[in-house]
Amino acid sequence: MLTEVNEGGEDRMAKKKDYAVTIFIYILLGLGALLMMFPFFWMILSSFKTQSEIVAFPPTFFPEAPTFKNYVDVWVNVNFKQFFVNSMFVLIVKTVIALYTSILAGYVFSKLRFRGRNVIFVLVLATMMVPYPVTILSLYQEMFWFKWIDSYNALIWTAMFNTFGIFVMKQFISGIPDSLIESARIDGAGEFRILHRIIMPLIKSALSALAIFICLGVWNDFLWPFLVLNSDSKYTIPVGLALFKGRYYTDYAKQLTGATITVLPVLVIYFFLQKQFIEGIALSGIKE
Amino acid sequence: MNDIFIKKSANRHILNSRTVMITVTLAAMGVFYLLFLIFPIIYAFIGSFFNWNPMMGKMDFTGIDNYVNVFQTPIFYKAFINTLIFTFVVTFFRVALGLMLAVFIDGLRYLKSFFRMVYFLPVVSSIIAISLVWVWIFEPTSGILNQILNVFGIPSLGWLKDQYLALPSIMITTIWKDVGFSMVFYLAGLNNIPKSLYEAADVDGAKRLQKFFHIQLPMLAPQTMLIAVTGIITYIQLFDQVFMMTEKAGPNNATISLVYLLYDEAFNNFRFGTAAVIAFIIFLLTFVFSLIQMRLQNQSVN
């Protein structure tokens with residue numbers, strides 16, 4: 001009798017304790033979420049402040065007299081408009097090429113049989129182990145030889161194949177039953193036709209995840225474009241943004257506005273395509 | 001007769017498109033990987049024995065001078081140690097905080113997807129833009145961080161301008177940016193843990209902590225391995241944050257990293273030869289960590 005009552009009491013105690021732990025977790029996660037969002041709010045709100053308000057003491061959270069002056073300055077005078085157009089161009093060209101070559105090679109390595117296929121594939125995969133600092137110096141030398149310095153050729157052709165993309169596409173295309181491809185072949189379809197008409201529609205979701213993965217990489221790519229592009233009119237957004245540091249060293253209003261223009265479009269798209277974004281990033285966890 | 005003829009030509013057509021596809025793909029890949037990967041590695045190795053300057057078109061043999069130079073400069077050791085410290089500290093927090101967040105968020109009934117969305121925000125953002133924002137937050141005189149500290153009676157700190165705090169400041173920014181990355185992997189891993197395991201534990205009356213140590217942590221070992229290894233290999237190549245957040249690698253080279261040193265040697269001092277030596281040290285480091293990973297993976301399989 002006595003023990004029963006005791007047990008009931010312990011149970012209630014445990015439940016209460018569990019409840020407290022849950023609330024504690026919510027508070028902790030909430031504070032963490034604030035910490036995650038604060039720099040973004042701070043960046044966006046500051047971009048509507050004047051330079052004098054930005055450095056004022058005590059600081060204001062919301063802009064006292066919201067102004068678009070920074071945006072006009074950065075977009076027109078600093079020529080962010082041009083950087084934006086350049087970035088979009090590079091993004092589209094590089095992503096389309098890398099996606100297509102990934103599907104092509106992924107198909108060749110998973111569905112077409114030829115001598116040495118596995119050896120070649122392993123060699124291609126091994127290139128992922130090479131860190132970029134090892135090749136970047138000679139690549140720069142090559143760009144000199146090819147006269148590709150300050151040209152988008154240096155960005156586009158050096159990223160024509162994406163080893164990781166090939167690997168991911170091979171994984172997904174392997175999952176497509178051979179019988180489907182065989183029957184298309186019997187119907188007289190050529191390999192390119194099979195690739196475009198049968199394979200591509202079947203791996204649409206993997207394709208969009210890979211597209212987002214590649215797009216993010218291209219949009220945020222910094223060091224290589226920074227090294228090979230020399231003239232303002234050719235800069236991509238991150239390269240243009242990096243120059244703020246030198247040219248407008250103390251002009252935080254301009255810097256934060258530039259940062260906002262860089263980050264906000266991605267965040268907005270992310271907001272609507274959360275699942276695809278997370279799948280895209282999660283691709284990097286795929287292993288054989 | 002006619003039938004057979006059609007079949008034959010169709011067959012030939014298939015064979016042709018197959019051959020064309022394989023040939024084109026392999027030829028293009030061959031050119032690409034030879035030109036932009038194999039040759040660059042070999043040329044960089046050769047270049048490490050030369051006084052190499054592409055801008056001047058110079059390539060003079062100097063023997064092992066570049067190697068001697070690198071190993072005789074104190075700044076190299078500073079960059080080496082900074083890189084290792086940065087790599088291990090950030091990797092540790094990326095694993096630990098990511099795991100904690102995932103376990104917390106996974107157990108929630110409400111706001112699960114909200115938290116996942118918020119913690120993932122910095123992962124999709126440009127590190128260059130993020131760096132600018134954090135430089136402004138860390139600003140010693142008018143930055144918000146010091147002003148918040150002042151409210152709590154803590155005196156202002158130099159952060160990126162302080163030779164002891166500059167590297168930790170960059171670490172904080174990087175951890176903040178990347179913690180959502182590991183969280184997503186851990187959440188996926190938690191999703192794959194069979195419900196029956198938890199049910200068995202519930203019957204045994206296991207507490208949260210016991211569940212964590214006896215079910216979740218061991219079941220998430222593959223994720224931990226992946227996050228740690230990709231973290232180490234990424235962070236060994238630290239550059240963008242150093243370049244953006246500190247002026248010339250900070251006070252007394254406080255934040256100098258191996259890749260920053262490589263960049264500085266090649267593109268400011270035009271010494272591609274010594275830069276190539278540093279490149280191969282980075283290569284070697286990456287290789288060693290990859291070997292350790294394979295070793296550990298084999299052990300965990302056996």
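The following exercises, with worked solutions, concern the contact between chains A and B and the domains of each chain in a predicted model.

**Exercise 1.** Determine how helix α13 of chain A and helix α5 of chain B are oriented relative to each other.

*Solution.* Begin with the two elements, which are α13(A), covering residues 237-247, and α5(B), covering residues 127-138. Their axes lie 9 Å apart, and the helices pack at an angle of about 25°. Because angles under 35 degrees count as roughly parallel, α13(A) is roughly parallel to α5(B). As for the hand of the crossing, α13(A) passes α5(B) in a left-handed one.

**Exercise 2.** Identify residues through which α13(A) and α5(B) meet, and describe the contact by residue class.

*Solution.* On the side of α13(A), the residues are A:P238, A:L241 and A:A242, and these meet B:I128, B:A129 and B:L132 in α5(B). Sorted by class, this contact holds six nonpolar residues, with no polar and no charged ones.

**Exercise 3.** Widen the view to the whole contact between the chains, and give the class composition of the side that belongs to chain A.

*Solution.* Counting residues gives 67 in chain A that are in contact with 68 in chain B. The chain A side then divides into 51 nonpolar, 13 polar and three charged residues.

**Exercise 4.** State the domain bounds in each chain and the separation of the domain centres.

*Solution.* In chain A, the domain assignment gives domain 1 as 2-46 and domain 2 as 73-285, and their C-alpha centres lie 41 Å apart. For chain B, the assignment gives domain 1 as 2-47 and domain 2 as 67-301, with C-alpha centres 40 Å apart.

Methods:
Residues numbered from 1 in each chain as written. Chains lettered and ligands numbered in written order. Predicted model: local features only at pLDDT ≥ 70, side-chain atom pairs only at ≥ 80, totals over all residues. Axes fitted to C-alpha atoms, helices over the stretch in contact; angles between N-to-C directions. Helix = DSSP H or I, 4+ residues; strand = E, 2+ residues; numbered from the N terminus. Parallel < 35°, antiparallel > 145°, perpendicular 65-115°, else oblique. Left-handed = near helix turned anticlockwise from the far one by under 90°. Contact = placed C-beta atoms within 7 Å. Nonpolar A, V, L, I, M, F, W, Y, C, P; charged D, E, K, R; others polar. Domains from an automatic or database assignment.
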